[in-house]
Each structure stands twice: as structure tokens, then as C-alpha cells.
Amino acid sequence: MLSRGLISRFRSLSIASKSTSFSTTHFRKLSSEPLGIVELDDDAPPIIEAAPRAMGPQSRRTGAVAVKCGMTALWDKWGARVPITVLWLDDNIVTQVKTMDKEGITALQLGCGQKKEKHLTKPEVGHFRAQGVPLKRKLREFPVTEDALLPLGTPITVRHFVPGQYVDVTGITRGKGFQGGMKRWGFKGMPATHGASLSHRSIGSTGQRDAPGKVFKGKKMPGRMGGKQCTVKNVWVYKIDPARNLMWVKGQVPGAEGNFVFIKDSFYKKPDISLLPFPTHFIPSDEDTSELEPLVADLGEVDPFMTAD
């Protein structure tokens, strides 16, 4: 009679052999199409090319990791103050490539910033050494389509995005601690007079009488506020500075100054695929990035940020 461990081992081996045969035929089918994956022979792993390609309607590019530097302001033609958030793409590179053959998904892991080895755990250091990439401070995985895969070590600069497009920015909101119902949910509060003794900021009744005789789950009550992941959608890219890897976006993004945020192409207001660099912007070998001028979005005939006369 076989043990449970031996049976599970046989089962895992059979599943692995099935997945390997499927992935080999999958890549063999894709090798005839003009994608970024090229197969040399049946035994060699697929090679991902670092070259510009044509972006299709269903193609999905990788995002980027940025640091929230702070906020500034511009003024529109009516004299109203328009908030502008400055984001810094601090040395983004591809730290891991996930393919259907090995992980069962197509995704790119990006690293941002720098960190010393003594400030990392041993599994983290082993991960970077196994991939052969520098030590990074922040990692983030972005699902992509198979034609948008990039080789290890490919830099993702601010020119990955185009001024005038819309992006979605994800971050952790500022933590405000335990707050009451008025601050957390915008409740009106109790009356200041007429018997409301020491309960001016109370939320009032929360339950019912005998039926149902309980407080429903999800009731708006005092509790921990902030410190959660939030995505601000349809953020307009106003300007990029390739020399310093800075990006100016219109509006506010979640998080405090110095926090990491994650930027990707907008899901609802999709940009024009003919204007986006795909799978990313590749820096020419003879280009001096320190002398590049900032790129500003086309504002049309009437500048919305000009102060009214």
C-alpha cells in the first residue's frame, strides 16, 4: 500500500509533465506570429527580444513604480487653483519575467530604488542574486500580455508614458488612526442644545428593536481610518522630464510624500495605442538623457492653466 506522500509525488510529476507539454505547443504556436518571444528549438527556452513592436488592441503594457515627491499648483484660465502631483520613477528595471511555461502567467516584476544588502532579508537577497539584478527597495508585479514581455534588466523610464494620456495611480492612503463617525463618514452629528448632553459628535442609534435586534455588518461607525490601498483613476499626465525621470500629473494621488505609488495605463480612458511606446521606450545608445528637455502635453488653443486676465 502506497503512502500519501508517495501518491502526491506521483500526482505532481504527472501534472508537471502535462503542463510542460502544453506550454511547449503553446510557444510553438506563437513562434509563427510577430510577437516578442522567439523559440530556437524544442529544448531551448524562449528568448524575449528587447525591440519595439506594434501594439495591438488587446495588448497590455507594464506599469511603473514611482515615489510621490510632493504637490504643487497651477492656475486655470478662471484663476482657480489646480493641484499638480510630482512623481519620481526612481531607477525602474525589470527584476523578474514570468511566462506561461514556468509560472503559468505572463507578468513582469519591476524594482524601484536602491537598498543595501544588510537591510534586506536573506530570501530577498537570494531572489535578486538568482535573477542577476541589483538590489531594489520596492518590488511590484504587473500583469502583461505575451507580446509585452521584456528581458531582465530592461529599464523603465518616464518616457514609458506620454504627456496627455490618462493613467491609474495606486497607493496606500494616509493613516489617520481611530476616528469618529463625523470625520470618518461625514455625519452631521447631534444637536448642540435641547437635551443633547455630551453627545454632540455621537453617531446616534445603530441598531433596531426586536426585529432584527442586531447591528448589520458594514454599518458606518467609528473605527480605523486610512492606511488602505486606493486607486485614483483617470489621472491626466501633464508633463514629463526625461532628464530627471519626473512626471507631473493633474490632481491628487493617494499616499504621503515619500510613499511608493504604482502607475499603469488607464483602464477606462484608454490612450491612443499609436502614440504609446510598446512594449516600452528603449533608450538609444548614443542619446544623452541629461540634456533632454521636458515634454508638455498639448493643451490646445486655450491653455487651461493660464491665469485669467
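**View 1. Lys 233 and a positively charged surface patch in the predicted model.** Lys 233 is partly exposed, with a relative accessible area of 42%, where buried stands for under 20%, exposed for over 50% and partly exposed for values in between, using a 1.4 Å probe and protein chains only. Lys 233 belongs to strand S12, which spans residues 229-241, and together with Arg 60, Lys 264 and Lys 270 it forms a patch of positive charge on the surface. Patches are made of residues with over 30% relative accessible area and no salt bridge, like charges being joined within 9 Å; a salt bridge is a side-chain nitrogen of Lys or Arg within 4 Å of a carboxyl oxygen of Asp or Glu. Lys and Arg count as positive, whereas His and the chain ends are not counted, and each charge is placed at NZ of Lys or CZ of Arg. This is a predicted model, in which local features need pLDDT of at least 70 and side-chain atom pairs count only at pLDDT 80 or more, while totals for chains, interfaces and linings use all residues. Residues are numbered from 1 along each chain as its sequence is written, and side-chain values use heavy atoms, with hydrogens and water left out.

**View 2. Two loop residues with positive phi, Asp 91 and Asn 245.** Most residues other than glycine have a negative phi. Asp 91, which is not a glycine, has a positive phi of about 55° and sits in the loop between strand S4 (81-88) and strand S5 (92-98), where strands are DSSP runs (E) of at least two residues and helices are DSSP runs (H or I) of at least four, numbered from the N terminus. Asn 245, also not a glycine, has a positive phi of about 60° and is placed in the loop between S12 and strand S13 (246-250). Asp 91 is partly exposed at a relative accessible area of 36%, whereas Asn 245 is buried at 17%.

**View 3. Two cis peptide bonds, each leading into a proline.** Most peptide bonds are trans. The bond joining Ala 211 and Pro 212 is cis, with omega about 0°, and Pro 212 lies in the loop between helix H3 (181-185) and strand S11 (223-225). The bond from Phe 278 to Pro 279 is likewise cis, with omega near -5°, and Pro 279 is found in the loop between strand S14 (260-265) and strand S15 (295-296).

Terms used. Patches are made of residues with over 30% relative accessible area and no salt bridge: like charges are joined within 9 Å, nonpolar side chains (Val, Leu, Ile, Met, Phe, Trp, Tyr) within 5 Å. Accessible areas come from the Shrake-Rupley method with a 1.4 Å probe; for residues, only the protein chains shown count as cover.
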